[in-house]
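Here's a walk through one structure, going from a few single residues out to sheets and cavities. Have the sequence and the 3D view open while you read.

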Amino acid sequence: MKRKWWHDKVAYQIYPKSFLDTNGDGIGDLRGIISKLDYLKELGVDIIWLSPIYKSPFVDQGYDIADYYQIGEEFGTMEEFDELLAEAKKRGMYILMDLVVNHCSDQHEWFRQALKDPEGEYAQYFHFVKGKNGEAPSNYRSYFGGSAWEKVPGTDKYYLHMFAKEQPDFKWENPRLRKEIYQMINWWLDKGLAGFRVDAIINIKKDLDFPSFPADGPDGLASCVKMVEEVQGVGDYLEDMKRETFQKYDAFTVAEVFNMKEDELAEFIGEDGHFSTMFDFSAHELAQGESGWHNSRPVEFREWRDTIFASQKKLQEVGFPANIIENHDEPRGASRFLPEYAQNEAGKKMLGTTSFFLYGIPFIYQGQEIGMTNCRRSDISEYDDISTIDQYHEALRAGCTQEEALACCYANSRDNARTPMQWEAGENAGFTKGTPWLSVNPNYTKINVADQEERADSVLEFYKKLTALKKCPEYKETFTYGTFAPVYEASDSVFAYYRISEEGQKILVAGNYGTEACTLKLEGACRKVLLSNLGREAALQEEAETEGKITLGSCESAVLLLESVD
């Protein structure tokens, strides 16, 4: 594998709207991010990914972009963004932005011009398609529910939107559009961006015949995903984009990819793939219901563990994955992946341990480092997310009571990850002096940064130990490039694996997700216990040396340096 500048880094995702508000309007801003760069540096963060901060009407929280060249006034100014780039650079940190180029906002000037002249040049930037027999061109259901087609006023045409109707899809088949997009990407890279997180990129390739598919729901529609899965040739566009933009700057790109064809993995993140890396969503997909949140299910430990293990073994043969516990589109990992008895500080540290040292680059989502959790709401009006509101009503249509539908939202809503960052126990968790755009999780008085910075045994202080260990010169080579090899797989409660370097350095990472203590007989002598989530390094070291085993209590994890292998 060619060694890249980002391979040994730790990344952190900021959801700017919910990170820190400095002007009292209830919305996080760039000035807030700048003020916390030292906090992130101390945490061990190298790369910061900002969710969208472009000018937007915020129908889909900034993923509906009205102007790719402007900072949304809610967040600040371009001068403040330039200051952020400069301040990050001083600290040896890198900034990524979200790249959203499957669609834009219906308030974008291109789309406004298209509506003015549905036969004109800008109409060719979008999918304006004639209807069939007075109906939409096909029976696609958008990702947010309802038809993926919206009537173009005053015509017999419809425009395609795979997300909200306010997010018209671009027509990537148009070379003039692609040139505009590439110019925009290069404009930001010229500014000093290190790269991009690339949003929903698999969707850019369309079957221009737009065939209908058998209905998969009572609404008579079929998920637009079906067309994405059937169509061929997205790689041509992705390779063109890489060649015209990212490659020229040695930019770091992490792709959000669902519904990729099985044989395309190497094309996406192989040695010369379309992207540097892509998020591994294999574990998150386990919780998805067949027809919505109302029939999603809790994630069972063994299936979750084995899914991650299988994915790791596959990915290490091809490229370098990006590993997450949670992000802005998912509920909190501590609430999803930890059984109820483990949803405590020990369990959160264990989850961090077993996830952080997997093969690939780790991404921390804001608040994960203090163990933020899902937020229970008493009424659907308390949610903001467009997808949550759609799924709530879908659950009601499926026969759920309001209480059951709200329970689905508590378990699955994207708003769980979007509640304001919990900085302190004071008003609004220290996020704002105004009224927060989304109400703060009531548990902020118990879970917050200020408290955890004062406690050596806190989740936050433990995350600092995780990043420090990953970057420790003695072990960095193994944690970055070492082979992943699962172990103790016969156990129903143990999540354990080796990382083994080419030189034979062997490190065991293990966590006990069960309710009872478990004993692991070590394969080889233990040279050093590198980390214990319960501060039991010395006790584990003694047991390993005298008895050749370690005993992990419930919610206990450890990282051990074993004797080297030939």
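## Three buried spots

Leaving out residues up to four places away in sequence, T419 touches S18, M372, C375, R377, L438, S439 and N441, where contact means heavy atoms within 4.5 Å. Before going on, note that this is a predicted model, in which local features need pLDDT of at least 70 and side-chain atom pairs count only at pLDDT 80 or more, while totals for chains, interfaces and linings use all residues. Numbering starts from 1 along each chain as its sequence is written, and side-chain values use heavy atoms, with hydrogens and water left out.

Back to T419: this residue sits in the loop between α14 and α15. Helices here are DSSP runs of H or I with at least four residues, strands are E runs of at least two, and both are numbered from the N terminus. T419 has a relative accessible area of 0%, so T419 is buried; the cut-offs are under 20% relative accessible area for buried, over 50% for exposed and partly exposed in between, with a 1.4 Å probe and protein chains only.

N441 belongs to the loop between α14 (402-412) and α15 (449-453). Its relative accessibility is 4%, so N441 counts as buried. Setting aside neighbours within four places in sequence, N441 is in contact with T373, N374, C375, T419 and Q422.

The third spot is A222, found in strand β11 (residues 222-223). A222 is buried too, with a relative accessible area of 1%. Its C-alpha atom is 6.0 Å from that of N139, although the two residues are 83 apart along the chain. Apart from neighbours within four places in sequence, A222 is in contact with N139, Y140, R141, F213, P214 and D216.

## The five-strand sheet

Now for the sheets. One of them is open and has 5 strands in the order β16-β17-β18-β22-β20, with antiparallel pairing; two strands pair if DSSP finds at least two bridges between them. β16 (483-486) and β20 (526-532) are at the edges with a single partner strand each, so each has one side without a neighbour in the sheet. On average, neighbouring strands of this sheet are turned by 20° against each other, direction ignored. Axes are lines fitted to C-alpha atoms, for helices over the stretch in contact, and angles run from 0 to 180 degrees between N-to-C directions.

At the β16 edge, T483 stands opposite I500 in β17. Helix α10 packs on the sheet, where α10 touches β16 and β17, and its direction makes about 15° with that of β17. Helix α12 also packs on the sheet, touching β17, β18 (506-512) and β22 (557-562), and its direction makes about 145° with that of β18.

How many of the 7 residues of β20 are buried? The count is 5, so β20 is largely enclosed by the rest of the structure.

## Other strand pairs

A further open sheet has 3 strands in the order β6-β9-β8, again with antiparallel pairing. Here β6 (128-130) and β8 (149-151) are the edge strands, each with a single partner, so one side of each lacks a neighbour in the sheet. Its neighbouring strands are turned by 40° against each other on average, direction ignored.

β19 (residues 518-521) has alternating side chains: C518 and L520 point to one face and are buried, whereas T519 and K521 point to the other and are not.

These are the antiparallel pairs, with one facing residue pair for each:

| Strand pair | Bridges | Facing residues |
|---|---|---|
| β16 and β17 | 4 bridges | T483 and I500 |
| β19 and β21 | 4 bridges | T519 and T551 |
| β20 and β22 | 5 bridges | K528 and L561 |
| β6 and β9 | 3 bridges | K130 and K157 |

## Empty space inside

Rolling a probe the size of a water molecule over the atoms shows where empty space is left. Searching the whole structure turns up 5 cavities of 30 Å³ or more. A cavity is a set of points, on a 1 Å grid over the protein atoms alone, where a 1.4 Å probe fits but cannot get out, and lining residues have an atom within 4 Å of a point. Grid points are joined across faces, edges and corners, and a volume is the space filled by probe spheres set on the points.

The largest cavity holds about 130 Å³ of space. Its lining has 14 residues, and A283, H284, I308, I324 and L358 lie nearest its centre. Two elements give two or more residues to that lining, α10 (301-315) and α12 (345-356), with α10 giving the most, 3 residues.

Conventions. On a 1 Å grid over the protein atoms alone, a cavity is a set of points where a 1.4 Å probe fits but cannot get out, and a pocket is an open set with protein on both sides within 12 Å along at least five of seven lines; lining residues have an atom within 4 Å of a point.
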